[in-house]
Structure formats: C-alpha cells, structure tokens
Amino acid sequence: MTILDLLPSAGFKHVSSTSGGEYAGSCLWCGGEDRFRVWPDHPSGATGGKFMCRGCGRSGDALALIMERDGVGYVEACRRLGTTPRPGRRSLAPQQKAPWTPRPSLLPCSTWQATAAAFVEFAAGVMTMSAEGQAYAMGRGLTPETIRTCQIGWNPATIYDPRESWGLPPELNSDTGHPRKVWIAHGLVVPTFHAGHVVALKVRRPDWREGDRLPKYAVVKGSAQGPMTLAVAAGRPVAVVEGELDALLINQAARDLVTAMAMRTAEGRPDAEAHALLENAPTVLVALDADEAGRKGWLWWRNHYRQAKRLPPVLGKDPGESLKAGLDLRVWIQVGLSPGPKPTSEPIHAPARRDELPAWAR
C-alpha cells in the first residue's frame, strides 16, 4: 500500500513524472485545491511515499499522514499501512510551520512623524496646483474629494533628505563611503495615518516602466510596516486588499459598508492592532489580486480567520483595474457581503478589444 491508496482516488490526478510520479489534489487540512502533492514512489525510500502541502506546509511520509489524519500512534499507523514497525525508527512526522502570532504594532519615532506630516502638507498643496498630479490621481480612479480628504499629494521632483531630519540614525553607503539619504521619489504621494498622525509614506512613480531597477512604489525609509486601514469602526466588515490605492478606491465607494485594509503585498500579515480588528469583524472579504500570489495568500487568510470569504477582483487583476474596466466597486462589495454563493476564485478578464470597453475607459 502507498500513500496514494490512503487518499480519495477521484480527487488526485497525475501532474508530473518527477520523483517517481507526482499527484495533486486537495489538502486534508487547509483545503487548498491543488497545492497538496504526493509521491507514492518517492526515491528517498520514505515509507509508503511522501506528501507535502504548498499551502499550509505540512509534509511527511505515509505513516505521518495516517498519524496526523487519524490521530493514532506509530504502531497503529504501521498496522493500517500494512508495514512492520521498526524498533527505534522514527517516522517522518508532519512538519508544521510555527503557529502564527501577530507582531506588535510599531510606529515611527516622533521626529519621523513630524517630518512626514510637514511633507504631506507640502505635497497636498502641490497637488492643488498641479495639473499633472491631478490628472494622474484621477486617472487612477480617485475623486477630488478623496484626494482632498485623504491628503493625497504630488511630489514634483525627487528629494534626497538627510536621515537625521527624519529621526533615523546615520548610515554610510559601503560602495561610495558617503552618508545614505532618505529617498522621496517623484510622483503620487499616498500617506498612511494612525490616530491622526502620518506613520507611513509611499510614492507611486508615474515614470516607472518594466525593467526599471527602482520600484514602482517607493516606500519612504522609516515608514511603519503595518497595514493601512480606512473607515475603522467596531463590528464593521473588513475588505482586505494588497495596495494602498485599492484600499482608497474601496473606501471611496463603500466606506459606510466596510473598513478597507491594505496589506501592501500579497504576503502581508496583520500586526496586533489589525488582528484585533479582524477578529471582531463579522466578515473579512479577502480581495487580494486575482493572480497566483493572491490565490496563495487567500489560503493563509482562510486558515487564520473563520469569517474570511474570498472576493476576487473581476474585470481585472485588482480593484483599480476593475474600476477602470467599468466595475461598480460598491456593488462588488455588496455582492461579497451578501449571504449568497461565494464568488468564483478565478478572475473575469477584461474585454480583449478597446471598443468593447465603456467610452470613458477607452
């Protein structure tokens, strides 16, 4: 008997000939649909073959699968597999990741916050006078009211500030021997606020192109790493997205329905403060991008929040693309909050031809 005989035959399909033959199916623990892999004839000689889930991280041999799944000891697992227990042998026990605990919520020092506040005021002032900045912000779907109330700004030119002016310790560039600076890129300035104070700054570079060695989104050194949250209210559902701009768009469309929470990346995890908010939310709509990273990220949220519900973006990869393609983000959120069938986990792609888009989106 091999590990494949212990699993539902209809649920596993052959996907590769590597390591003696690889099969994929649903995980017995996290439920991931195709991340659970088994090798009945693994060349390592593991008893009955090996298994591994690329979602939750469990792995081991056939004996370990029986012990973990059925809650039995080593001798009983041998009996069920039809193999003879070996004196002193230790089976490959399932390897589980350490239990996740949220990190403390850490904020920048007071000097950083004061300097950031002054810069946000400057950039917001520039935005009111910059046709380039306003066109770019509204081209991303932001309304004049959102730009004003969320203090979205425009940095007209790249800035290199002394680290000390941001309350950061001095550092030397090992390549040049010169002091390192705080880089503030040219572009759309998106601040994150906490209790009325600026705690993070990110700049969307409008001149970014594929292959650029510098990032599309430039984080100002010293920014808080926790998520951005908008329209926080006790007992309100939370919509989790990757990017800050996506959170702003959801807040713009449905701030009375949900708290928008931007994790900044698909692998982002809530800090202690965000975790408390999520635990008390009646529904957590997980709207990570409709790509492989977003689908993998969803497995983590499903495993850690009982009220999590996948709400994949439609008509595009993320809420920003969806809005540009004509989706009403408020209706999309309302569908996610409804008790009806869960939305598909796959994206509905935008029309292939430009003339199929709404006139304003062409």
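# Reading the labels on a predicted model

User: Why is Asp-70 called partly exposed?
Analyst: In this predicted model, Asp-70 has a relative accessible area of 30%. Buried requires a value under 20% and exposed a value over 50%, so at 30% Asp-70 falls in between and counts as partly exposed.

User: What makes the pair Arg-69 and Asp-70 a salt bridge?
Analyst: The closest N and O atoms of Arg-69 and Asp-70 are 2.9 Å apart. The cut-off is 4 Å between a side-chain nitrogen of Lys or Arg and a carboxyl oxygen of Asp or Glu, so the pair qualifies. Arg-69 is itself partly exposed, at 35% relative accessibility.

User: How do you know that Arg-205 is buried, and what is its salt-bridge partner?
Analyst: Arg-205 has 8% relative accessibility; buried means under 20%, so the label applies. Its partner is Asp-212, with the closest N and O atoms 3.0 Å apart, which is within the 4 Å limit. Asp-212 has a relative accessible area of 27% and is therefore partly exposed.

User: Does the same reasoning apply to Asp-318 and Lys-317, or what makes them a salt bridge?
Analyst: The N to O distance is 3.6 Å, and the limit is 4 Å, so the two side chains form a salt bridge. Asp-318, at 13%, is under the 20% cut-off and is therefore buried. Lys-317 is partly exposed, because 33% lies between 20% and 50%. Elsewhere, salt bridges that share partners join Arg-69, Asp-70, Glu-76, Arg-79 and Arg-80 into one network.

User: How many salt bridges are found in the whole structure?
Analyst: A search of the whole structure finds 15 salt bridges.

User: What makes helix H1 roughly perpendicular to helix H2?
Analyst: The axes of H1 (residues 62–70) and H2 (residues 74–81) come within 9 Å and cross at roughly 115°. Angles from 65 to 115 degrees count as roughly perpendicular, so the description holds for H1 and H2. The crossing of H1 past H2 is right-handed.

User: Which residues make the contact between H1 and H2?
Analyst: On the H1 side they are Ala-62, Leu-63, Ile-66, Met-67 and Asp-70. On the H2 side they are Tyr-74, Ala-77, Cys-78, Arg-80 and Leu-81. Asp-70 and Arg-80 also belong to the salt-bridge network.

User: Why are H6 and H10 called roughly perpendicular?
Analyst: The axes of H6 (residues 244–254) and H10 (residues 329–337) cross at roughly 85° and come within 8 Å. The range for roughly perpendicular is 65 to 115 degrees, so an angle of roughly 85° earns that name. H6 contributes Leu-249, Ile-250, Ala-253 and Ala-254 to the contact, and H10 contributes Leu-329, Arg-330, Trp-332 and Ile-333.

User: How do you know that Gln-113 is buried?
Analyst: The relative accessible area of Gln-113 is 15%. Buried means under 20%, so Gln-113 is buried. Gln-113 sits in helix H3 (residues 110–129). Apart from neighbours within four places in sequence, its contacts are Leu-107, Pro-108, His-197, Val-198 and Val-199.

User: Where is Pro-40, and what makes it buried?
Analyst: Pro-40 is in the loop between strand S3 (36–39) and strand S4 (50–53). Its relative accessibility is 10%, and the buried class takes values under 20%, so Pro-40 belongs to that class. With neighbours within four places in sequence left aside, Pro-40 is in contact with Thr-2, Ile-3, Leu-4, Gly-21, Tyr-23, Gly-48 and Gly-49. The C-alpha atoms of Pro-40 and Met-1 are 9.1 Å apart, although 39 residues separate the two along the chain.

User: Why is Arg-295 called partly exposed?
Analyst: Arg-295 has a relative accessible area of 26%. That value lies between the 20% and 50% limits, so Arg-295 counts as partly exposed. Arg-295 lies in helix H8 (residues 292–304). Its C-alpha atom is 8.9 Å from that of Ala-266, a residue 29 places away along the chain.

User: What do the totals for the protein chain say?
Analyst: The protein chain has ten helices and 16 strands, and 45% of its 362 residues count as buried. Its exposed area is about 18,500 Å², of which carbon and sulfur atoms supply 53%. Among contacts between residues at least 6 apart in sequence, 56% join residues at least 24 apart.

How values were computed. Residues are numbered from 1 along each chain as its sequence is written. This is a predicted model: local features need pLDDT of at least 70, side-chain atom pairs count only at pLDDT 80 or more; totals for chains, interfaces and linings use all residues. Side-chain values use heavy atoms; hydrogens and water are left out. Buried means under 20% relative accessible area, exposed over 50%, partly exposed in between (1.4 Å probe, protein chains only). Helices (H or I, at least four residues) and strands (E, at least two) are DSSP runs, numbered from the N terminus. Contact means heavy atoms within 4.5 Å. Accessible areas come from the Shrake-Rupley method with a 1.4 Å probe; for residues, only the protein chains shown count as cover. Axes are lines fitted to C-alpha atoms, for helices over the stretch in contact, and angles run from 0 to 180 degrees between N-to-C directions. Angles under 35 degrees count as roughly parallel, over 145 as roughly antiparallel, 65 to 115 as roughly perpendicular and the rest as oblique. A crossing is left-handed if the near helix is turned anticlockwise from the far one by less than a right angle, and right-handed if clockwise.
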